[in-house]
Amino acid sequence: MDMELLLPLLSGQAEGPPVTNVMFLKTHKTASSTVLNILYRFAEKHNLSTALPAGGRVHLGYPWLFLARYVEGAEEGSTGTPRRFNIMCNHLRFNLPEVQKVMPEDTFYFSILRDPGYQLESSFTYYKGYVPAFRHVKTLQAFLESPERFYNDSLVVSNAYARNNMWFDLGFDHNAPPDEGYVRARIADVEQRFQLMLIAEHFDESMVLLRHLLRWSLDDVVAFRLNSRSARTVAHLPPESRELARRWCALDWRLYDHFNRTLWARLHAELGPRRLRSDVARLRARRQELTELCLQDGAPQNQAQITDRLLRPFQSGEADILGYNLRPGLDNATLRMCRRMVMPELQYMAHLYALQFPEKPRKAIPLLEE
Ligand SMILES: Nc1ncnc2c1ncn2[C@@H]1O[C@H](COP(=O)(O)OS(=O)(=O)O)[C@@H](OP(=O)(O)O)[C@H]1O
């Protein structure tokens, strides 16, 4: 008997080649940069094409609804139709017909959600000076006590980060009243298009299911936490304020609550509790191994501590965004692998862009040009 053929079955891995056409809707402040790193690494490893922002841009037209022309090289397809890509994962506001112009028909669609009680706090710190609704209020608690004093719903686009940001990213009206029929209809739309919605609070379980559905290897979905804040810049809201945040972002709360429940139902249906436990344990053990192999001090560092400028993450608002130093003395192959795991989003995007479009001017990364 050919053991090679049996191996996927024995390890519980679904049969068939890995899925290589993938669209990830990168929502905001939801652990989406960690997922993007996973997708960029997969694209590079398999020499896949990625739908990258055109020219000097760093996202795909956000916060405007996505258009195919925001993608570099989309217009270069044969017979007048846009070119198709394997992987799409940069920030965009979802607009299915335009996404379908650049992604193949058999694309796997997925996204990630986070409890708005935490997502909004992360957003407040990160976008404090940028979002009109946050600009003139000192704390999120003060904002949540009387949001109508600070929030002008006619500033639809610039205030998108201040209310129901995930709903907005999905392309819906984030100021709509949370009426039952409306909410259910939009959730049904998401269910119809997206094969999977990950949950940031259950990141490892989410990765295990993603890996199973995409038939990827364990290392493909092992990642370090990217874009996290130092403890100093995280505000711990009291439970009442968290509740207010969930009420203020009622559309996001309904979305999150629904997909949190369906994630667990799917984990049990697709994997079962024993396999889930053992897969999560394997994922964590492998991450621990790679932490010891790759990272100096095994923990994230702030901007000033990161010695390699190319590994410094973009900073925003009042958030102190952390990155990593690599262990010195790594051999070339290990260094290459570890470097990609800690490379911040903008730098990795510029790197992929240069690989994919060698004839075009390099993407300029502002924070690296001091
Ligand atoms: N693996 C994992 N599990 C759970 N949470 C994680 C993970 N990776 C990143 N994070 C947290 O996600 C927050 C950053 O989100 P994003 O990368 O989506 O931000 S961004 O919109 O791209 O700027 C940021 O949250 P805050 O620290 O609360 O700001 C990260 O700490």
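Begin with the aromatic rings: a search of the whole structure, which is a predicted model, finds 24 aromatic pairs. Select Phe24 and Phe110 as an example. Their ring centres lie 4.8 Å apart and their planes meet at 35 degrees, so the pair is classed as tilted; the stacked class would require planes under 30 degrees apart, and the edge-to-face class over 60. Colouring by secondary structure places Phe24 in strand β1 (residues 22-25) and Phe110 in strand β3 (residues 108-113), so the contact ties together parts that are 86 residues apart in sequence. Phe24 and Phe110 are both buried.

Next, select the whole of strand β1 and display its side chains. Val22 and Phe24 point one way, whereas Met23 and Leu25 point the other way. This follows a general pattern: in a regular strand the side chains alternate between the two faces of the sheet. In β1, all four of these residues are buried.

Keep β1 in view and add its partner strands. Strand β2 (residues 87-88) runs parallel to β1, and 2 bridges join them. Strand β3 also pairs with β1 in the parallel sense, over 4 bridges. Val22 is a convenient residue on which to centre the view: Ile87 stands opposite Val22 in β2, and Phe108 is the bridge partner of Val22 in β3.

Return to the aromatic residues and select Tyr62, Tyr126, Tyr127, Tyr130, Tyr161 and Phe168. Ring pairs link these residues into a cluster. Now add Lys29, which lies over the face of Tyr126, a member of that cluster, at 3.4 Å from the ring centre. For another charge over a ring, select Arg242 and Tyr118: the charged end of Arg242 sits over the ring of Tyr118, 3.8 Å from its centre.

The last stop is the second largest pocket, with a volume of about 320 Å³. To find it, select Arg41, Lys45, Asp219, Asp220 and Met337, which are the closest to its centre of the 14 residues that line this pocket. Then show helices α2 (32-45), α13 (272-294) and α14 (332-342), each of which supplies at least two lining residues. Which element gives the largest share of the lining? That element is α2, with 5 residues. Colouring the lining of the second largest pocket by residue class shows 8 charged and 6 nonpolar residues, with no polar ones.

Key
Residues are numbered from 1 along each chain as its sequence is written. This is a predicted model: local features need pLDDT of at least 70, side-chain atom pairs count only at pLDDT 80 or more; totals for chains, interfaces and linings use all residues. Side-chain values use heavy atoms; hydrogens and water are left out. On a 1 Å grid over the protein atoms alone, a cavity is a set of points where a 1.4 Å probe fits but cannot get out, and a pocket is an open set with protein on both sides within 12 Å along at least five of seven lines; lining residues have an atom within 4 Å of a point. Grid points are joined across faces, edges and corners, and a volume is the space filled by probe spheres set on the points. Ala, Val, Leu, Ile, Met, Phe, Trp, Tyr, Cys and Pro count as nonpolar, Asp, Glu, Lys and Arg as charged, and the others, Gly among them, as polar. Rings of Phe, Tyr and Trp (its six-membered ring) pair if their centres lie within 6.5 Å; planes under 30 degrees apart count as stacked, over 60 as edge-to-face and the rest as tilted. Buried means under 20% relative accessible area, exposed over 50%, partly exposed in between (1.4 Å probe, protein chains only). A charge sits over a ring if NZ of Lys or CZ of Arg is within 6 Å of the ring centre and within 35 degrees of the ring normal. Two strands pair if DSSP finds at least two bridges between them.
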